[in-house]
Amino acid sequence: MMESTGGPYLNTAAVTSPVGIARLLQVTFGCTTFSLVAHQGGFSAAYGTFCMFVWTFCFAITVFIITCEFTHLHSCLSISWGNFTAAFAMLATLMTVTAAVIYPLYFVQLGCYPIGCEVRDFRIAASIFAGLLFFAYAAEVFLTRAKPGQVTSYMATISGLLKIVQAFVACIIFGALVNDSQYSKYVATQWCVAVYSFCFVVTVVVVAFSVTGKTALLWFPFERSVVVYTFGAVLLYVSAAVIWPVFCFDSKYGSPRRPGLCAKGKCPWDSQLVIAIFTYVNLLLYVVDLAYSQRIRF
C-alpha cells in the first residue's frame, strides 16, 4: 500500500505564482515564435539557424523547469535548483534579445517583393512574439533577483547574474576573433586573446560550481576566491582595453580608419572594432561585479 509523503504531489505555485506565470508566457511566446518561422516565415544562413536554436532551446529548458517544479522532481536532481533557474533565466534573456534583434534585421522587410506578403506578415508576427519572449524572460530575472539584505543563491545576486553576461559578451568577442580579426599578427594581441580566454573559462567554472552545488566541496572559501578572481579579471581586462586598440587602430601597427576597399562582412577592421567595443563592455561588467561582490550574502 502506497503511503503519503505528507504533502501534495503537485506544486500548483509553479504555474500560479508570478514567476510561474512568467514561465507559462515564455512557453507560449516561444512556441508561437518558432512555429510562425517554421510554418511560413522561414529562415536561412547561420543567423536564421541561430535564432531557431535559441527559441527551441529556451522552450525546451523552460518546459523542463516547469515540469520539474510542478511535480517536485527538481528535488531529485543533484544540482542547486535556485542557481540553475536563475542562471538559465539570465542566459535565456540574453539569447532571446539577441534573436529578437537579429531575426527582424535580416529577414523582415516592409515590402512584399520578392518574398510575398504572406511570408512578410508571418515574419513580422514572429518578430513581435520574439520581442515578447525576451520581456517574459527579463520579467523572470526581475522577479527572482536577490533583494538587498536577502540571503539567497549566488546566481540570483547581481554578481551571479553578471557572470552570465560576462560569459555571453566573451562569446561575442570570440565570434569576432575567428572572423578574420588578425589577432595572431602581434604578440600583444595574442595576450589579449589569452585574457579573454582565461576570464571566460574561470567565469564558466564559477557558474558551473554554483549550479551544481559543489562549492562546499572546495578546500578554499568559494566566496572570497570569486572576489579575488573578479579583481584579477578587472586588471587583466584593463590591460586588454589598453593593448587591443593600440595594436589595431594606431597608425604604427594598424589603421585608425576603416579601409575603403574592405568588403562588408569580411573586413578585419570591423572585427577588431567589435572586439574593442565589447572589451570595454566586459571591463565595465567586471568592475560593477567587483563593486557588488562586496555586498552580497549567499
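**Cysteine pairs and a nonpolar core**

A disulfide joins Cys262 to Cys267, S to S 1.9 Å. This is a predicted model, where local features need pLDDT of at least 70, side-chain atom pairs count only at pLDDT 80 or more, and totals for chains, interfaces and linings use all residues. Residues are numbered from 1 along each chain as its sequence is written, and side-chain values use heavy atoms, with hydrogens and water left out.

Q: What makes Cys112 and Cys117 a disulfide?
A: Their sulfur atoms are 1.9 Å apart, and a disulfide is a pair of cysteine sulfur atoms within 2.5 Å, so the pair qualifies.

Q: Why is Cys199 not bonded to Cys171?
A: Cys199 holds the closest cysteine sulfur to that of Cys171, but at 13 Å it is too far for a bond. Cys199 is in no disulfide either; its nearest cysteine sulfur, that of Cys192, is 11 Å away.

Q: Why is Cys267 called buried, and Cys112 partly exposed?
A: Buried means under 20% relative accessible area, exposed over 50%, and partly exposed in between (1.4 Å probe, protein chains only). Cys267 has 2%, so it counts as buried, while Cys112 has 23%, so it is partly exposed.

Q: What makes a set of residues a nonpolar core?
A: Its members are buried Ala, Val, Leu, Ile, Met, Phe, Trp, Tyr and Cys residues joined through side-chain atoms within 4.5 Å. The largest one here has 72 residues, of which Trp55, Tyr196, Tyr237 and Trp244 touch the most other members.
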